[in-house]
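Student: I have a structure to look at and no idea where to start. Can you walk me through it?

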Amino acid sequence: MELKATDMKRFHNGQGIPLVGLGVWKMEDEREAVDAIQVAVDAGYRAIDTAKVYENETFVGRAIREVGVPRDELTVTSKLWNADHGYDETLRAFDTSLEKLQLDYLDLYLIHWPVGSYKDSWRAMERLYNEGLVKSIGVSNFHRHHLENLFTTANEKPVIDQIEMHPLLSQKPLRAYLESQDIVHEAWSPLAKGGELLQHPVLISIAEARELTVAQVILRWHLKNGSVVIPKSVTPKRIQNNLDVFHFDLTDEDMAKIDALNKDERTGSNPDSKEFLARTWN
């Protein structure tokens with residue numbers, strides 16, 4: 001089936017999310033963040049992904065009010081930070097995020113990492129969902145065993161799991177499990193960090209043959225794998241190019257070549273690592 005920029009990935013609760021959204025991690029300058037979001041919306045983006053720990057929810061809220069698009073046409077995501085786990089703590093953290101964003105509701109609220117009393121946090125998120133303060137609830141960085149643990153007490157199943165995913169970390173087994181549970185997989189850091197992928201000769205060859213950027217090839221690979229993506233950029237041309245991934249396709253041979261790049265190599269944290277589990281949060 002041909003994909004279009006206006007397509008939504010549907011959740012099991014009937015809500016959905018655009019296939020390509022704008023990530024705003026590390027957008028720490030207010031003017032830069034507001035300008036980037038304006039460029040993205042003008043280009044056709046309708047999803048914005050932020051989090052408490054990014055410390056830019058206020059900027060994102062200002063941009064949403066200024067972009068000239070009705071609120072109900074935008075999908076806005078924020079996330080519960082690790083220091084805020086617990087039932088009452090989650091409710092307070094959500095209220096703070098909503099106040100900073102100056103919004104009446106969130107489209108999607110996620111547990112950012114599976115640490116601490118995340119099952120108690122999930123109960124609070126179910127309350128927020130049932131009260132209509134958030135349209136959908138989900139998780140981020142959850143492995144299969146975290147989800148299975150959550151299922152033992154949850155009344156609502158997460159609609160989405162936002163995970164590090166790119167050709168060096170294809171997450172194929174986790175993707176298959178999420179699909180079996182009717183949970184959408186969303187790729188954060190879809191282009192990986194550090195620029196290694198953007199210089200990879202296999203990807204350069206595929207991109208040059210079609211007069212595309214390497215980033216466009218990678219993002220199309222994600223979409224063909226059924227993922228939602230949230231590439232981050234503050235550069236207008238890159239923001240526009242990252243959405244312009246619906247006018248071409250990749251062959252089965254292209255997909256196989258990109259699949260072969262997998263090394264199970266993370267550029268971010270693994271929530272099961274000793275180093276991650278030993279950290280304290282504030």
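**Strand β9 and its surroundings**

Tutor: Let's start inside the sheet: Glu164 stands opposite Trp188 in β9. Keep in mind that this is a predicted model.

Student: Ok. Which residue is the bridge partner of Gln162 in β9?

Tutor: The partner of Gln162 is Glu186. Strand β8, residues 160-164, is joined to β9 by 5 bridges, and these two strands run parallel.

Student: How many residues of β9 are buried?

Tutor: 5 of its 5 residues are buried, so β9 is mostly covered. Val184, Glu186 and Trp188 point one way from the strand, while His185 and Ala187 point the other way.

Student: Why do they split like that?

Tutor: In a regular strand the side chains alternate between the two faces of the sheet.

Student: And the whole sheet, what order are the strands in?

Tutor: The order is β3-β4-β5-β6-β7-β8-β9-β10, which makes an open sheet of 8 strands with parallel pairing. β3 (22-23) and β10 stand at the edges with a single partner strand each, so one side of each has no neighbour in the sheet.

Student: Pick a residue from somewhere else in there. Where is Ser78?

Tutor: Ser78 is in strand β5, residues 75-80. Its relative accessibility is 0%, so Ser78 counts as buried.

Student: What is Ser78 in contact with?

Tutor: Leaving aside neighbours within four places in sequence, the contacts of Ser78 include Thr50, Ala51, Lys52 and Glu57. Ser97, Leu106, Leu108, Tyr109 and Leu110 are also in contact with Ser78.

Student: Helices now. How many residues of α8 are buried?

Tutor: 10 of the 11 residues of α8 (residues 214-224) are buried, so this helix is largely enclosed by the rest of the structure. Among the buried ones are Gln216, Arg220, Trp221 and His222.

Student: What covers them?

Tutor: The cover for the buried residues of α8 includes β9 (184-188), α7 (201-210), β10 (228-229), α9 (236-243) and α10 (252-259). Just after α8 comes Gly226, with a positive phi of about 85 degrees.

Student: You mentioned α7. Which of its residues are buried?

Tutor: Leu203, Ile206 and Ala207 are buried in α7. They cover an arc of only 95 degrees around the axis, so they sit on the same side of α7.

Student: Why would residues with gaps between them end up together?

Tutor: An α-helix has 3.6 residues a turn, so residues three or four places apart point the same way.

Student: And what is on the other side of α7?

Tutor: Pro201, Glu208 and Ala209 are there, and they are exposed. As for the buried residues of α7, what covers them includes α8 and α10. After α7 comes Glu211, which has a positive phi near 55 degrees.

Student: Changing topic: pockets. How much space lies in the largest pocket?

Tutor: The largest pocket holds about 1,100 Å³ of space. It is lined by 40 residues, and the closest to its centre are Trp25, Trp188, Ser189, Lys193 and Lys232.

Student: So Trp188 is back. Which helix gives the most to the lining of the largest pocket?

Tutor: α9 gives the most, with 3 residues. Both α8 and α9 supply at least two residues of that lining. By class, the lining of the largest pocket has 17 nonpolar, 15 polar and 8 charged residues.

Student: Tell me about Lys232, then. Where is Lys232 found?

Tutor: Lys232 is in the loop between β10 and α9. With a relative accessible area of 38%, Lys232 is partly exposed. Not counting residues up to four places away in sequence, Lys232 touches Gly23, Val24, Trp25, Lys26 and Met27.

Student: Last one, closed spaces. How many cavities of 30 Å³ or more does the structure hold?

Tutor: There is 1 cavity of 30 Å³ or more. The largest cavity has a volume of about 30 Å³.

Student: What lines the largest cavity?

Tutor: Its lining includes Glu164, from the pair we started with, along with Ile163, Asn141, Phe142 and His143. Gln171, Leu174, Arg266 and Pro271 also line the largest cavity. The classes in this lining are 4 nonpolar, 3 polar and 2 charged residues.

Technical notes. Residues are numbered from 1 along each chain as its sequence is written. This is a predicted model: local features need pLDDT of at least 70, side-chain atom pairs count only at pLDDT 80 or more; totals for chains, interfaces and linings use all residues. Side-chain values use heavy atoms; hydrogens and water are left out. Buried means under 20% relative accessible area, exposed over 50%, partly exposed in between (1.4 Å probe, protein chains only). Helices (H or I, at least four residues) and strands (E, at least two) are DSSP runs, numbered from the N terminus. Contact means heavy atoms within 4.5 Å. On a 1 Å grid over the protein atoms alone, a cavity is a set of points where a 1.4 Å probe fits but cannot get out, and a pocket is an open set with protein on both sides within 12 Å along at least five of seven lines; lining residues have an atom within 4 Å of a point. Grid points are joined across faces, edges and corners, and a volume is the space filled by probe spheres set on the points. Ala, Val, Leu, Ile, Met, Phe, Trp, Tyr, Cys and Pro count as nonpolar, Asp, Glu, Lys and Arg as charged, and the others, Gly among them, as polar. Two strands pair if DSSP finds at least two bridges between them. The arc is that of the directions from the helix axis to the C-beta atoms.
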